[in-house]
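Me: I've got a model open and would like to talk it through. Mind taking a few questions?

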Amino acid sequence: MISKSKIFFKGIVAVLPHMLSVIPFGIITGAIGVELGFDPILVYATSLIIFGGASQIIFMQLLSGGASSLVAITSVGVINSRHLLYGAVLSEYLEKLSLIKKLIISYFIVDQGFAESNKYLRQNKNLSNPHYYVLGTGVTLWFCWQLSTISGIILGSFIPEELGLKFAIPLTFLAIIVNDLRKLDHVFVMLVSGFASLILFDAPFKSYIILSPIVALIAAFIMLRLKK
Amino acid sequence: MTWLSIIISGIVTYFSRMAMVALIDREMLGTKVKEVLNYVPAAVFPAIIFPGVFFNDFGLFVEITDPKIYGAIVALVIGFYSRSVIATIVSGLLSYWFIIFIILK
């Protein structure tokens with residue numbers, strides 16, 4: 001049996017490579033908030049309270065552009081609704097926990113942490129404390145996100161824009177799914193999602209982020225039916 | 001006003017993270033739903049990748065010669081064979097920088 005701290009540590013190690021994109025993204029988020037004219041405390045509050053990169057940027061851009069609070073909140077909700085899918089997947093590994101532990105771990109469910117946890121826990125179904133892995137990934141991402149947004153707030157965007165580090169974001173997510181390209185059924189679902197996102201990109205409230213996965217999951221459902 | 005918006009956005013976001021973990025009983029999900037859930041990574045992440053590669057900052061399609069496309073292809077190939085997260089990201093960034101700073105300069 002692997003000890004709890006070892007599982008936690010494995011989770012930390014699994015998300016470390018993603019810091020290549022998370023840290024620059026955090027710095028950019030902090031810097032954008034200040035550039036848009038928000039009080040540094042408010043900018044930091046979005047990292048602590050909302051804790052979701054893309055949604056924080058959109059939220060601040062909308063409010064500074066004169067959009068109503070309702071529009072800003074709706075956009076955050078739509079963008080972050082993808083966590084419902086992560087939760088549905090991870091619930092398999094968290095279902096035995098007490099309610100209070102579930103409530104705490106939930107705060108730390110993030111894209112990269114979900115992806116790495118899902119990958120590892122699926123191959124280690126009999127692990128006795130799987131939630132420590134989820135927590136290891138989530139807490140690491142949380143710390144790096146807080147520190148990098150704070151440095152962006154204080155130092156401004158000290159990363160030269162010419163470097164185009166925004167490109168690290170699609171690369172991080174590519175790294176997450178690249179291994180599944182070996183499975184044709186997954187490739188099919190990926191292509192449906194990708195093309196759907198290009199077509200739906202201009203849908204209101206950035207809803208392509210949740211609509212495309214829904215379209216892709218429906219496609220997966222139909223595919224599974226036809227297979228049988 | 002902004003504070004209130006941040007707090008409500010935070011509650012909404014937290015709810016999205018917590019709802020399926022804490023409020024839903026897994027027994028409620030049928031086998032079919034569970035099977036489909038295997039495809040969640042394949043269904044979610046391309047919707048972030050594709051626009052990030054094929055659209056520019058203004059939401060317009062990039063040219064077929066855009067360095068991002070070639071960076072993504074390199075990352076795809078290296079990632080596929082190396083199975084390494086770090087190799088995927090680094091190879092994509094380095095090839096992207098090689099194109100914008102050396103070839104296009």
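Me: What percentage of the residues of chain B count as buried?
Reply: Bear in mind that this is a predicted model. A residue needs 20 or more other C-beta atoms within 10 Å of its own to be called buried. Chain B has 105 residues, and the share of them that count as buried is 42%.

Me: What radius of gyration does chain B have, next to a compact globule of 105 residues?
Reply: The C-alpha atoms of chain B take up a box of roughly 55 × 45 × 25 Å along the principal axes. For a compact globule of 105 residues you'd expect a radius of gyration near 13 Å, but for chain B the value is 20 Å.

Me: Which pattern does chain B follow along the sequence?
Reply: There are 0 strands in chain B, and its helices number 6. Reading along the sequence, you get α-α-α-α-α-α.

Me: How many residues does each chain put into the contact?
Reply: Residues count as in contact here if their C-beta atoms lie within 7 Å. The contact draws 77 residues from chain A, and from chain B it takes 57 residues.

Me: Which helix gives the most to the side of chain A that touches chain B?
Reply: By class, that side of chain A holds 49 nonpolar, 22 polar and 6 charged residues. The top contributor spans residues 82-94 and supplies 11 residues: helix α6 of chain A.

Me: And what is the mean pLDDT of chain B?
Reply: For the model as a whole, pTM is 0.94 and ipTM is 0.95. In chain B, 100% of the residues reach 70 or more, and the mean pLDDT is 95.

Conventions
Residues numbered from 1 in each chain as written. Chains lettered and ligands numbered in written order. Predicted model: local features only at pLDDT ≥ 70, side-chain atom pairs only at ≥ 80, totals over all residues. Contact = placed C-beta atoms within 7 Å. Helix = DSSP H or I, 4+ residues; strand = E, 2+ residues; numbered from the N terminus. Nonpolar A, V, L, I, M, F, W, Y, C, P; charged D, E, K, R; others polar. Rg over C-alpha atoms; globule rule 2.2 N^0.38 Å. Buried ≥ 20, exposed ≤ 12 C-beta atoms within 10 Å, placed from the backbone. pLDDT = per-residue confidence, 0-100.
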